[in-house]
Amino acid sequence: MDTKRCFTNHFDDYQGSLLAGHCEEAVAPLVTATIERILQELPPLEGSAEARGATAGASGCDGGLYSGVAGVAYMLYHVSQSPLFAAARERYLCSAKRLIDACARAEEWGEPDADTRAAFLLGGAGVYAVATLVYHAMGRSDYVQPLGKFRALSAVCAPVSFLECGSDELFVGRAGYLCAALVLKQKLAQEVLTPAQIKSICQGILDSGKQYAMKKRKPFPLMYSYYGTEYLGIAYLFAKAYLVSKKPQYLDTCIRCGELTWQKGLLKKGPGICHGVAGSAYVFLLLYRLTGNSKYIYRAQRFAQFLFTEEFKAGSRVLESIYSLYEGFSGTVCFLIDLLQPNQAEFPLFSVFV
């Protein structure tokens, strides 16, 4: 990796004790202050007077869960579910509802790209999934309305090549839609898709992977691409493979990914969870849950510490969506919450433990 893409990690590694000052009393005010900053940074929402005066495409509802305010709504939902922030639970849920309602209206009233209707991170499926979670957390029986809209999108995924850019990955493809369904099942404690729907989507992923592998003459039976680039996964792929198979070589590979992350994971692209410092730190929380080794909590603490240093502020890339879940500080908030409860920590909207 080009060292210009990351800061040099000058931290001493784990010596047998965690960092002092990373307890609830120290981190909670930092989380609260960051949330308030995020809410102040939000762009105008669809339907508001500010949005009507903004340039086309500048609404905060653009970008789905990835870079739009739908991701902020998920962050607020995530914080509201932590017992450490019980006092602010209702306020955060009300703010989340306001944001996700605006995004749902944009899906209904606007002209969404047909290609992203079933997209998890960049389109309608993610919006309806988070709306379902927020409504359910508020005790509203009408959570079944966005849930129904989410379910209806399963038919969009049916054609083997329903997207030209790649029909199977996490952002806009079938894998993302299934991931959203799994998150909903986990959080709602109920089935979301029928066995027939799940089988149909999984079969589509298999058929697509076989077709691509044959077309590209790959030496293995399945392969996928997104906008012409072939992806298999990072640490999370090997973590899931280990949890399913119990083969130690997958855990060993995941641990090696963690070592590389410790060396090169202080990325200059920002604080987010996609390609930023918080995303790197989530690898350590994953490894802690897999191994129980406190070294990984320590490393996550060090990366959290770095996020608020002058070196990071001065040297990281300036982001347009500083409030967002995947590129900005909403993802950082989710990470800080999970750092306080590492036994339940999981990458936002993507659990390998279910």
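Helices are DSSP runs of H or I with at least four residues, numbered from the N terminus. The exercises below use this numbering on a predicted model.

**Exercise 1. The annotated binding site**

Task: State which residues the UniProt annotation "binding site" covers, and determine whether Cys-274 is buried, partly exposed or exposed.

Solution.
Step 1. According to the unreviewed UniProt entry, the annotation covers Cys-274 and His-275.
Step 2. Locate both residues. Cys-274 is placed in the loop between helix 11 (248-264) and helix 12, and His-275 lies in the loop between helix 11 and helix 12.
Step 3. Apply the cut-offs: buried is under 20% relative accessible area, and exposed is over 50%. Cys-274 has a relative accessible area of 33%, so this residue is partly exposed. His-275 counts as partly exposed because its relative accessibility is 22%.
Step 4. List the contacts, not counting residues up to four places away in sequence. Cys-274 touches Tyr-66 and Tyr-326. His-275 touches Tyr-66, Leu-267, Lys-269, Arg-317 and Glu-327.

**Exercise 2. The faces of helix 9**

Task: Determine which residues of helix 9 are buried and where they fall when seen down the helix axis.

Solution.
Step 1. Establish the extent of the helix. Helix 9 spans residues 195-215, which number 21. From first C-alpha to last, helix 9 reaches 30 Å, close to the 30 Å expected at 1.5 Å a residue.
Step 2. Identify the buried residues of helix 9: Ile-201, Gly-204, Ile-205, Ser-208, Gly-209, Tyr-212 and Ala-213.
Step 3. Look down the axis. The buried residues of helix 9 fall within an arc of 155°, and therefore they line one face of the helix.
Step 4. Turn to the face directed away from the buried side. The exposed residues carried there are Pro-195, Ala-196, Lys-199 and Met-214.
Step 5. Find the packing partners. The buried residues of helix 9 pack against helix 8 (174-188), strand 1 (225-226) and strand 2 (229-230).

**Exercise 3. Two residues with positive phi**

Task: State what phi values Arg-217 and Lys-246 take, and decide whether Arg-217 is buried or exposed.

Solution.
Step 1. Recall the usual case: most residues other than glycine have a negative phi.
Step 2. Read the angles. Arg-217 has a positive phi near 55°, and Lys-246 has a positive phi near 65°.
Step 3. Place the residues. Arg-217 comes just after helix 9, in the loop between helix 9 and strand 1. Lys-246 is in the loop between helix 10 (235-245) and helix 11.
Step 4. Assess accessibility. Arg-217 counts as exposed because its relative accessibility is 77%. Lys-246 has a relative accessible area of 56%, so this residue is exposed.

**Exercise 4. The largest nonpolar core**

Task: Name the residues that touch the most other members of the largest nonpolar core, and state which helix gives the most to this core.

Solution.
Step 1. The largest nonpolar core has 114 residues, of which Met-75, Phe-150 and Phe-335 touch the most other members.
Step 2. Helix 12 (residues 277-291) gives the most to this core, with 11 residues.
Step 3. Take Met-75 as a case. Beyond four places in sequence, Met-75 touches Ile-35, Ile-38, Ser-330, Val-333 and Cys-334.

**Exercise 5. Two residues outside the helices**

Task: Decide whether Leu-153 and Gln-341 are buried or exposed, and find which residues they touch.

Solution.
Step 1. Leu-153 is in the loop between helix 7 (144-152) and helix 8. Its relative accessible area is 10%, so Leu-153 is buried.
Step 2. Leaving aside residues up to four places away in sequence, Leu-153 touches Arg-117, Ala-118, Gly-124, Ala-125, Tyr-128 and Tyr-177. The C-alpha atoms of Leu-153 and Arg-117 are separated by 7.2 Å, while the residues are 36 residues apart along the chain.
Step 3. Gln-341 lies in the segment after helix 15 (329-340). Gln-341 counts as buried because its relative accessibility is 17%.
Step 4. Apart from neighbours within four places in sequence, Gln-341 is in contact with Ser-82 and Pro-83. The side chains of Gln-341 and Ser-82 are joined by a polar contact of 3.5 Å.

Methods. Residues numbered from 1 in each chain as written. Predicted model: local features only at pLDDT ≥ 70, side-chain atom pairs only at ≥ 80, totals over all residues. Heavy atoms only, no water. Core = buried A, V, L, I, M, F, W, Y, C linked by side-chain atoms within 4.5 Å. Buried < 20%, exposed > 50% of the residue type's maximum accessible area, 1.4 Å probe, protein only. Helix = DSSP H or I, 4+ residues; strand = E, 2+ residues; numbered from the N terminus. Contact = heavy atoms within 4.5 Å. Polar contact = N/O pair within 3.5 Å; in protein donor to acceptor, adjacent residues only side chain to side chain. UniProt positions renumbered as here; feature names shortened; annotations may be inferred. Expected span 1.5 Å × (residues − 1). Arc of directions from axis to C-beta.
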